[in-house]
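Student: Could we work through this model together, one question at a time? I would like each answer to show its reasoning.

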Amino acid sequence: MDQIKKISNRNYRRFIDIVANSYPGFGLNTDESRLKATVRLLKVQRENPEISTWGYFRDRKLLGGIRLFDFVMTMFETEIPVGGGGLLAVDLLYKREKVARGLMEYFINHYLKMGTCLTTLYPFRPDFYRRMGWGYGAKYNEYVVKPGDFPDFGSKEHIVYLNSKDYSAVKDCYNRYAAVTHGMFRKCKYEFGYFGRPEMRLVGFKQGRRILGYLAFEFKQLEKDNFIRNDIKIFEFIYESREAFSELITFLHTQDDQINLIRFPTSDDHLHFIPYDPRDHSDQLVGMINHRVNAQGIGIMYRVIDTPGIFRQLKKHNFNNGNGRLKITINDSFLKSNNGSTFVDFVNGHSEVISGGKYDVEIKMDISDFSSMLMGVIDFESLYRYRRTEISDPNSLTTVNRIFKSDRKPQCTTQF
């Protein structure tokens, strides 16, 4: 008999064994490393009630599992609950026996029962999850910059080292930033683990007791036999004001005497406007004569699991002052309850879900593309041009595009 239920402490080591084989890159190759991972994840789960681990059992034997995260995300100007899924793993002996599908179905239904309308995950294979309805998030960038190419704004008088005593102030800074930034999640306690990692450095812009920006980074030695050649790898860069931004950038500039390159991962597409030389120092050209500036990747993915519900949650959001009654027909082959049409009346940008009747225009699209569009990752006109959507009246293309177009792509620094 197949059953999905929470993984008990007693079964957690078995789950870690499955994880070790599913993700050999984690390096969980010894009993000691697997025991440490078990203890660490159980501690995280115990201290963060937003996290739970669920297993797929067959005749009481654990065949796979998934961690679920009860997030709160800022979607435009509204905080909404979001379900996150991570560390999906299936025993190698039971691949292709629908264990992963069963866990993903449970993941979705778990959050539907909680009244959550949006889910998210980081894919091990984007195509695998796209077929199940998850849409791409914004591209993530890594810039590689020489410290001296960052501008010197003349002051870093408020920049200080931060330690565990600053935990509350750092958390408050992050949460204030997240509350006004589209796509950002509130952080769980475990995500502020910077303070417990000896290799991590944390500096911040501090005025009185308030921290208005911070930078988390570590040093990376370039050559085993050369201790003086190091890069800086940034993990998080948060700032609430121009002054905090300026002083943190000046701090990076002043590392030019000892640091080779700064590796700067970010969802900011415009960061190349900051350094004097935006090139990534690979000396490679893209196309005819375009200097390579950064590497890009697809990471976080989003999935609407309740189309009428997400519009109700966004009732205070202004969809660009758009007007029109839309019939939104969603193809969702993985989730029958979300497959079909939703009627939404937009009046001066505000949406209201209605029962049906007359409408101005119908759009048809896959749930994956709809999810990306609603998050502001891609506009409707582009999806139409790529033949990823259909519209009953092409003359209404501009109207529909205006309703869903967003100048703010989602940002996310949470890893799960």
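Student: What does R130 count as, in terms of accessibility?

Tutor: Let's start with the cut-offs: buried means under 20% relative accessible area and exposed means over 50%, with partly exposed in between (1.4 Å probe, protein chains only). R130 has 26% relative accessibility. It therefore counts as partly exposed.

Student: Good. What kind of model are we looking at, and which rules apply?

Tutor: Residues are numbered from 1 along each chain as its sequence is written, and side-chain values use heavy atoms, with hydrogens and water left out. Local features need pLDDT of at least 70, side-chain atom pairs count only at pLDDT 80 or more, and totals for chains, interfaces and linings use all residues, since the model is predicted.

Student: Which residue is the salt-bridge partner of R130?

Tutor: A salt bridge here is a side-chain nitrogen of Lys or Arg within 4 Å of a carboxyl oxygen of Asp or Glu. For R130, the closest N and O atoms of the pair are 3.4 Å apart. The pair links distant parts of the chain, 239 residues apart, with R130 in helix α4 (residues 126-130) and its partner in helix α8. That partner, buried at a relative accessible area of 5%, is D369.

Student: How many salt bridges does a search of the whole structure find?

Tutor: The general idea is that side chains of opposite charge can pair when their charged atoms come close. D2 and R58 are one such pair, with their closest N and O atoms 2.9 Å apart; D2 is in strand β1 (residues 2-6) and R58 in strand β2 (residues 51-58), 56 residues apart. The search of the whole structure gives a total of 27.

Student: D277 and R279 also meet in a salt bridge. Which of them is buried?

Tutor: The N to O distance between their side chains is 2.9 Å. R279 has 35% relative accessibility, so it counts as partly exposed. With a relative accessible area of 18%, the buried one is D277.

Student: Now the sheets. In what order do the strands of the seven-stranded sheet run?

Tutor: Helices (H or I, at least four residues) and strands (E, at least two) are DSSP runs, numbered from the N terminus, and two strands pair if DSSP finds at least two bridges between them. This sheet is open, with mixed pairing. β1 and β6 (135-136) each have a single partner strand, so they stand at the edges with one side left without a neighbour in the sheet. The order is β1-β2-β3-β4-β5-β16-β6.

Student: Which residue of β16 is the bridge partner of L118?

Tutor: Strand β5 (residues 118-121) and strand β16 (residues 301-304) run antiparallel and are joined by four bridges. In β16, the partner of L118 is V304.

Student: At about what angle does α8 run to β16?

Tutor: Angles run from 0 to 180 degrees between N-to-C directions, using axes fitted as lines to C-alpha atoms, for helices over the stretch in contact; contact means heavy atoms within 4.5 Å. Helix α8 lies across β3, β6 and β16. It also lies across β17 and β20 (361-366) of the five-stranded sheet. Its angle to β16 is about 110°.

Student: Which strands stand at the edges of the five-stranded sheet?

Tutor: This open sheet has mixed pairing and the order β19-β18-β17-β20-β21. Its twist averages 25° from one strand to the next. Two strands have a single partner each, so one side of each lacks a neighbour in the sheet: β19 (350-354) and β21 (389-391).

Student: What is the bridge partner of I328 in β18?

Tutor: Strands β17 (residues 324-331) and β18 (residues 340-347) pair in the antiparallel sense over seven bridges. Within β18, the partner of I328 is T342.

Student: Lastly, what is the phi of K98?

Tutor: K98 sits in the loop between β4 (78-90) and α3 (99-113). At 65% relative accessibility, it counts as exposed. Its phi is positive, in a residue other than glycine, and lies near 65°.
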